[in-house]
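Please open the structure in a viewer and keep the sequence at hand. The tour below proposes what to select at each stop.

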Amino acid sequence: MEDLQFLNLAIMEAQKARDSTWTNPLVGAVIVKNHKVLATGYHHKFGQVHAEIDALNNLADIHDARNATIYITLEPCSHYGKTPPCANRLITVGIKRVVIGQKDPNPLVAGKGITLLENAGVSVDLIGHTEYLNMKYNFFFKNKRPFITLKYAMTLDGKINQYKSSRSIISNYTSYLDTQNLRADNQAILIGETTLIADNPQLNVRTKTMEFPPIKIILVNSADSLDSSLNIFQGTEPVWILSRRISKKHWPKNIQVYSNSHWSVKDIINFLNKKEIQSLLVEGGSSIHAKFVSANLVDELVIYIAPKIFGGSSLPAIYGVTNSNNFDMTIKDISQLDGDIRIIARRTN
């Protein structure tokens, strides 16, 4: 019971860095001796010291680490990356016992940190309980692709747009704020060319300042035919244009063009995997959503339902491809956002 209490404190530490660790996991650490907390720490930001080192740095005296127990939400690293191996440092300062929430699925670590500690005579206990902290990080290394979320707002009759080539406002302001949090929780956001032209979105997170904002990805036929005055090009956030035609245009530093005459859904996901993007939010439009469903590449649905009816020939959700697919989803949450309803569903298996 005491182990879980201290590990829960480490979880609280880890959560302080939400939105700041980019492709690194959220990690917290607590150093304990004689049932008393001596120091806490967490991985503050991508590229900075890891949680264990932060906790050691917060000790009043580094010699206090000798014969202490450290609680860490994720296995200590054992390799040289942007920082030296944390497992070696724990051994050097004389930590006696390490309690770990989960093994790191990153193949650079993947049990090597635990082995290094145990070979040095450090007692190691792996007790679980923290996997949910880095769900998309874990998914990425297990499945070798990003976790894919499809998001859309629709009316009660399942329509996402009333008129072609123009944007329909469907959800309310509370839902809008919620979508900003959803964007912040993903490393990349994807839309197609039709949505780009019809909605002219900024596709950024407007409720908070992020050092590592999600990458804006647009799938188009020709990058060079795009109007440079589009809202998506006005910020400083990174923009990746997936173009079916080679670009001959000079682009600003934050905009990169990647050419592929095909750019199927699987091509996109393979590309993102190579770029080590762990989570993708697909915002639309309807045809892009349908292609992801057809490719069997959907892990989560986030749907905002507004108390409206468009009727007629209005555009329905997930529509526009002939090849269909059928798979089960599990409802994870149903919430009321003022007058709207948000449904979160995840792939059953």
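The tour visits an annotated site and then a strand with its partners.

The model is predicted, and every stop should be read with that in mind.

**First stop: the annotated site.** Select His50, Cys77 and Cys86, which an unreviewed UniProt entry annotates as "binding site". These residues are spread over 37 residues of sequence, yet they cluster in space, with a largest C-alpha distance of 8.9 Å.

**Second stop: histidine 50.** Centre the view on histidine 50, in the loop that lies between strand 2 (36-42) and helix 2 (51-57). Its relative accessible area is 22%, so histidine 50 is partly exposed, as the buried class is reserved for values under 20%.

**Third stop: cysteine 86.** Move next to helix 3 (residues 86-92), where cysteine 86 is found. Cysteine 86 counts as buried because its relative accessibility is 0%. Now display its surroundings: apart from neighbours within four places in sequence, cysteine 86 is in contact with His50, Glu52, Ile53, Pro76 and Cys77.

**Fourth stop: strand 12.** Select residues 279-284, which form strand 12; six of its six residues are buried, and the strand is mostly covered.

**Fifth stop: the partners of strand 12.** Add strand 6 (residues 147-154), which pairs with strand 12 in the parallel sense over four bridges. Within this pairing, phenylalanine 147 has serine 279 of strand 12 as its bridge partner. Then add strand 8 (residues 188-192), which runs parallel to strand 12 and is joined to it by four bridges. Here, select alanine 188 together with its bridge partner in strand 12, leucine 280.

How values were computed: Residues numbered from 1 in each chain as written. Predicted model: local features only at pLDDT ≥ 70, side-chain atom pairs only at ≥ 80, totals over all residues. Heavy atoms only, no water. UniProt positions renumbered as here; feature names shortened; annotations may be inferred. Helix = DSSP H or I, 4+ residues; strand = E, 2+ residues; numbered from the N terminus. Buried < 20%, exposed > 50% of the residue type's maximum accessible area, 1.4 Å probe, protein only. Contact = heavy atoms within 4.5 Å. Pairing = 2+ DSSP bridges.
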